[in-house]
Amino acid sequence: MINLKRGTVDPRKLKTRTMSLFQKGFFMLLLLVGVVVSAQQNITGTITDEAGVPLPGVNVVIKGTNDGVSSDFDGNYTIKAEADDVIVFSFIGFVDQEVSVGNNSNINVLLVASFDELDEVIVTTGYGQSRKRDLTGAIAQIRTETITRANPLQAAASLQGQVAGVNITKVKGRPGDGFDINIRGLNNFDADKTAPLVVVDGIMGANLNSINPSDIQTIDVLKDASSTAVYGSRGANGVIIVTTKKGATGKANVTYNGYYGIRTKSHMPEFMDSKQYYDLYSNEKFGRGFTAQEEYNVNNGITTDWVDLITQDAVQQNHTVAVSGGSEKTSYNFSAAYLEEGGLTNHTDYERLSLNAGVESQISDNVKVGFTSYITQSDRNWGSTEALRSALRSRPTGTVFFDDIVEPNKRDTNYGPVGPYAFFMGIDDSQVINPLIEIDPQNFQRRQKANSILANVFAEIKLADGLKFKTSYSAYETTAREGDYRGTFTKSQKGSNNPKVDTWNYKTSNYTLDNTLNYNKTFGKHRIDATALFSIFEQYDEYMQIQVEDLAYRSLWHNTGSGATIKAYNTNLIESSLASYMGRVNYTFNDKYLLTVTGRYDGASQLATDNKWAFFPSAALGWRLSEESFIEDLDVFSSLKLRVSYGEVGNNASISPYATQSNIYQTVYDFDGSAANGYSINSLSNRGLVWERSREVNFGLDFALKNIGIRGSIEIYKRNTEDLILDDKLPTSTGFDSAIANVGEIENSGVEITLNTVNVSKGDFKWSSDLTFTANKDKVIKLAGGITEDKGNGRFVGESVRAYYTYKFEGIWQTDEATEAAVYGQVPGQVKLADLNDDDKINSDDRTIVGKGTPDWTAGLRNQISYKNWDMSFFMYTRRGLMYSNAYLNATYGDISSDRYNRSSELNYWTATNPSNEYFSPLTGPGLNGNNESKGGNTRVALSYQMADFVRISDITFGYSLPQNILDELGVSRLRIYGQVQNPFVFSDFLSFDPEYNSGGDNDDLPAMTVLFGVNLNF
Amino acid sequence: MKSLKEIIIQMKKINQILIALSLVFVFSCDTEDLLMEEAVSNQTADSFFSTPAGFEDLSKSIYPLLRVIIEQRELVLNGTDLFAGSSSWDQSTNALLNNRIDTYGSELTDGAGAISDLWTVLYKQINRSNILISRANDVIDGDATLIATRVAEAKFMRSLCLFWAVQQWGDVPMPLAETTAANKEVTRVASSEIYAQLITDLTAAETALPSTASDYGRATKSAAQHLLARVYLTRGWNFDGKLGGTTADFTQALSYADKVIASHPLVTNYADLWPKRSEDPTNQTFGPGDQDAKNSEVVFAVQYSDQAITNALQTDAGAVVNNDGGNNLHGLFGGGVDDVPGSPGRTSDYNRVLGVHHTTPAIYRLFDPINDTRYHHNFVEKVYAVVDNAGFVPAEGVTPIDIKSGDLVLEFRDWNSPAATADKGKDVGGTKDYAVINHDEYGIVDESNFHGQDKTPMMWKFWEPGIAYGNGFGEFDAVVMRSAEAYLIAAEAIVKGATGGALGGASDYYNKTVDRAVGGASVPANQAADPVGTALTTASYRATGTVTIDMILNERARELMGEGLRWYDLKRTEKLIERAKAMNPWIKGSNTIQSYHLLRPIPLTESDLSTNEITQNTGY
């Protein structure tokens, strides 16, 4: 339909077609809710694709009307029609079909896949929807298929490498941990201020982690400022709009999606065994020495792999059952889901239960109402937050069980066994205790139980033809209780102090009230879609903490009153609010020229009276070149669109509540036995704070090539963020560490390329690929006060936002450089730093920018191959040009010149016979060591700045869909079984637990591979 | 033609439009109210501190940071003749180990954490004092006398911190009003100007402050006098000719010291100043609170509490509890015992011994170990088993010993009575069922089954019984000024030419603390004639004629050990390099200390953050 050639089309028909397309969009907008039709005859039928697979969700509309239904999960539909009606069947990714009703009461339809129809995808643009072909801004979408295909534990993970311009980084490896998301680079120096706005079913500020990925219909990522301008002051970091699945009319559909898998730690860096460890550290240069028991273990070939002892293969499973259906006027959907993410560290796991319900009803011709609720309960069990660190550090020469100690030292015998275990492991060190004791839930537990509720109610009133008013109220509330219990036999209680407990309660609630007026009308070649919005938002964060010590018994956090010593208690409240007016007009001329103009006027409580309100405008143009004859004549493009946009947006997240006020806080002291609590000033106030503002220009090109299966998008953008709001570190002689201020300007510019190709499509065999490529360059444009460098805050004009300003590693002093090394007080084997000013000493003047913590580019490639009922896909992901200060090397494992703890066995360290330039000698140490920033932080840190490039095969999936004849026998409409391997391969030179997540391993950050099996079942 | 129905429908639509528009109108009304920011949990400084009650609360905020400030002891105790960052004296010439801050090695740079930590917390405290001073005039309906007293307390506090800062760094910033803008320019003010300001402020404070504070723990008139005595004494020495000092300053120092002495009589026994405890933990008869930290001798002390909440160590807003809280003095010194047989490890029987400050070998030799009660109080000479340790093998081939709880397991001999081999432990071929370590083995002894290597006696002057095991938790006040020091200030001032002492000459002041320690003027007080060597010859440290600066420094070592004064004392008296090199094996071994080390480097964190160029102290 889009590629209909000019001249072959009846203009009247074209218009009708346009209408029908609009209607299709409209139906998607209404989330597949049926509309009243007056009918004389029930037409039924089944819709399938070329392979005979039933197609659910196909739009079935009487041509020239708004009357329509959609097919159910078996591809069945029922619609009332008259004999002279024409029924239009349309579905994303397929060519529309029109069938005249005539005398037929049963019409079965076979839809033919169309590569170009992706243009018809409905994209959520915020306070509205649009067809992709009508978009003028940079918005990317991933759909339920893509989300569920990767089986992510958290929805955010499904964006990784799938959407150009979106950078997803895991924070910690503990079960239930989320991800950092940033879109188009870092718009602020502070990583906490670069998170995009997440909108779940219209609710701003919801937590993406509380949504079960299987419940998500689409995730739309609004990237450029013209797209996010509808969110005004909250749009600077991009917007992620999550739309959950909604009901469809027709008979009840039941689906089950589930998998069960096992996570196993893999790609682990190697640690020393007892022999390696003893051989290295029994050298007299090392002072600590070995106990007789340790020597016994070494001599008898006993190595204790502590990490192995406290880790396990962990279950990862997710089961979702969903029911949806409805009558002509009312649709409903329910789903229930259970997720379990076992932790690799023993006694840790995460469980999440999601309950989802929605109903929508056309209660009169002009009024539609709906209600949805989404409830999540989660239980995060962190277990012991110390055990893994202890296990990673403990010497391999240690002994697990007390009875296995044949040469007890006095530390062991003095203390005696704890359970069956040796408290000090037969090692002469009291800093770390036996990890198996530390990890026992009887001794150490940290746990968080959280609930969240997302609810929305709306009423939509059709006021006149094309004019609708919608009022929508959304509430979000999340509460969490966290407790941390430490018994006597933990490192923190040293085996001698009574148990202690710390417990916190958090509550966040917010509501959003949106009143929207929408006008949508076509006049000849002109189409207008205008939206006006008034919105208010309020957020309320509460916090409570109690910490007590000397518990009489193990009551966890359920009897703080029994603690003899109260260490702390506190409550707190933070409130913020936002009021907004927004207007947007989309104008389309001749389906060829597109214009979007947006303005949002936002007022925020966080700023001082004179600076509360700000206006954020944007404008965008689109030109569907493929509708022009000179392009059509080329006969190359089936679709071609050029876009250009400009927008201004703010970063509400950057302004902490009360930052403009000079608040006081309580100080604690004691005068002769009486509490002497006072009050002092918390922070410097800054009433002059103004909105942080991003201005962005975006050029976009969407194209699809004829005949060869390639389509894609290219985005080029430049975004300047001015008046960055940040905690600016101050010279401490002011008496303050920092002050919140507008500190400067950052620029992010880049290119994003998305390519979807069908490489082979022959008969039953199909191979397609999706490629994303993102290159972003971030740099500081200017700093407040006109300075060009701010070393203390690590900000440098012309450099990356995450520039590393430190000492430059130049290798290792070699034997023949002894004289030169001596100038710096060093010896061969130690770390050589660049003496940049050649003054024969290393001091703070020798710092320079050695690299940056943002990537040059990232790319993701998914390949999908299907043959008959078999399907296979794999996903590769790479990131280049990012440097880390390697946390693995900086942790104790890299501290090879000290013999206290176990060390990495993979370090290519210097010896007289191995003139390595990579790592220092264990015998000499790195040199210029110590807790001393001006000496290179110590030289060990200097050598840890390394490139962390990697290529990862994220997942490989094999699936098999049962053929129709078997399905018919089983009475199901679809049954696919699959197996998947997650994270099977990582290629990198970066020695660490995982090159992607710079981790010292303490937080269950052990790399894992998951093997799982799953079922997709539709009744 | 429209039907009636259609017209009604049309009207309904118009109504709906009106309703919708009015809804929009209604909801768009009161955004002013919506966007009003009111902090329920917090008050703003302007509204709170202008009330008399708020101002009184503000005045309580100028004390808590003292707890943090006095914990910054690495620049005060270590790097002197008395304390070093490590023991292992036999390794003190090892060049690879000798780069540390406390040996004035290559790590003593502008980036050292210890340097910036002290700087930061001092200026935080100065700003807190300035907040009070700047806001005193804004109090509505306040009691003028009370406000004047609080301002005087703040001036005392600001002076205390500025004085520490100017001694450490020389010319430093001198903010005298509350910081209200994010100014990033840092200006160093000449030391002489700072001393002049200190004297102006302290003189004003002395006038306004009461002799007895409304709350024990607040600054008093005597505290201001004591600080004035220190400031005048220091200015009199006129470090590097830059403090604007004259000989007249010594007379002032003496005069203020006399005032402190008059109002704060010494307690009878040195041990009465510190927590009571038994040396044998299995026979511990004392608990916290058995000794009152309040007494006539204490002029000003940092307050601690037996309530965990008010004993918290707070560095910043929001951080209600930081570390373990409480006084940490009891756990910082060297010589741990958790490696001896009969020690269950980490328990509060012997509490924590972190070894941040190791006593140098010479310090023991400055005492008369028999007669000077301070020696016995300050050092643990005998270590006892806390749990049974049956079948303990002292050394290979030696018959096992059944150690019982309460048995002696480790004895440190006095410097002047070393044990012969036969009188030593079975671990080294002796006859005793416990290890015996002679003074010449302190800090260098090899490991034996009885103990780890480099063993030294615990310095437990500040040790508190019965508190929880950990890095803090101490409940006993930490003394900042007590009148014993005033005697030694007076003695020093007279040595430097001050006249008019109320008690007489330098020796009259000097002997007061010596005589109290040994129990009277007739009891001998004999230290090693040569504190640095190992010879057993002795010499009296009672003054009989001329008092020298070295005598005063030795007596300050005995009397005020660990009380946060040493580096300042040595710097003031121009003895740091000489005495540290002679008595601290690590400083002697590294031999890197130079005259420029008498000033610390301006912290890198400060110069990196300032928009103007800050001149760094010479040498760094």
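What follows is a conversation about a predicted model of two chains, A and B.

User: What makes chain A as compact as a globular protein of its length?

Analyst: Chain A has a secondary structure of 14 helices and 54 strands. Its radius of gyration is 31 Å, and the globule rule gives 31 Å for 1019 residues, so chain A is as compact as a globular protein of that length. Taken along the principal axes, the C-alpha atoms of chain A fill a box of roughly 100 × 70 × 65 Å, and buried residues make up 60% of the chain.

User: How do you know how many contacts in chain A join residues 24 or more positions apart?

Analyst: The contacts considered are those with a separation of 6 or more, and residues 24 or more positions apart account for 69% of them in chain A. In chain B, among contacts between residues at least 6 apart in sequence, 72% join residues at least 24 apart.

User: What makes up the secondary structure of chain B, and what box do its C-alpha atoms fill?

Analyst: Chain B has 19 helices and 11 strands, and its C-alpha atoms fill a box of roughly 130 × 65 × 45 Å along the principal axes. Of its 620 residues, 61% count as buried, while the chain exposes about 22200 Å², with 51% of that area supplied by carbon and sulfur atoms.

User: Why is A:T660 called buried or exposed?

Analyst: The cut-off for buried is under 20% relative accessible area, and A:T660 has 2% relative accessibility, so A:T660 counts as buried. A:T660 lies in the loop between β31 (637-650) and β32 (664-667) of chain A. Leaving aside neighbours within four places in sequence, the residues in contact with A:T660 include A:Q606, A:L607, A:S685 and A:R687, and also B:E37 from the other chain.

User: What is known of the contact between chain A and chain B, to which B:E37 belongs?

Analyst: In this model 109 residues of chain B are in contact with 99 residues of chain A, and the two chains bury about 8500 Å² between them, 56% of it on carbon and sulfur atoms. B:L35, B:E37 and B:R346 supply 10% of the area that chain B buries against chain A, more than any other three residues. The size of an interface is often given as the accessible area lost when the parts come together.

User: What makes helix α4 of chain B largely enclosed by the rest of the structure?

Analyst: Helix α4 covers residues 52-60 of chain B, and 7 of its 9 residues are buried, so the helix is largely enclosed by the rest of the structure. The buried residues are B:G54, B:F55, B:E56, B:D57, B:L58, B:S59 and B:K60. They pack against elements of both chains, namely β32, β33 (670-671) and β35 (678-681) of chain A together with α3 (45-49), α6 (113-135) and α7 (144-169) of chain B.

User: Why is A:D550 called partly exposed, while A:K868 is called exposed?

Analyst: Buried means under 20% relative accessible area and exposed means over 50%, with partly exposed in between. A:D550 has 27% relative accessibility, which lies between those cut-offs, so A:D550 counts as partly exposed. A:K868 has a relative accessible area of 55%, which is over 50%, so A:K868 is exposed. A:D550 is placed in the loop between β27 (526-549) and β28 (565-589) of chain A, and A:K868 in the loop between β48 (857-867) and β49 (870-880).

User: What makes the phi values of A:D550 and A:K868 worth reading beside their residue types?

Analyst: Phi of A:D550 is near 60 degrees, which is a positive value in a residue other than glycine. A:K868 has a positive phi of about 50 degrees and is not a glycine.

User: How do you know whether B:L228 is buried or exposed?

Analyst: B:L228 has 0% relative accessibility, and buried means under 20%, so B:L228 counts as buried. B:L228 is found in helix α9 (residues 221-237) of chain B. Leaving aside neighbours within four places in sequence, B:L228 is in contact with B:I199, B:L202, B:T203, B:E206 and B:Y256. B:L228 and B:F156 are 72 residues apart in sequence, and their C-alpha atoms are 9.7 Å apart in space.

Terms used. Residues numbered from 1 in each chain as written. Chains lettered and ligands numbered in written order. Predicted model: local features only at pLDDT ≥ 70, side-chain atom pairs only at ≥ 80, totals over all residues. Heavy atoms only, no water. Helix = DSSP H or I, 4+ residues; strand = E, 2+ residues; numbered from the N terminus. Rg over C-alpha atoms; globule rule 2.2 N^0.38 Å. Buried < 20%, exposed > 50% of the residue type's maximum accessible area, 1.4 Å probe, protein only. Contact = heavy atoms within 4.5 Å. Buried area = accessible area lost by both parts, 1.4 Å probe. Areas by Shrake-Rupley, 256 points an atom, 1.4 Å probe, with all protein chains shown as cover.
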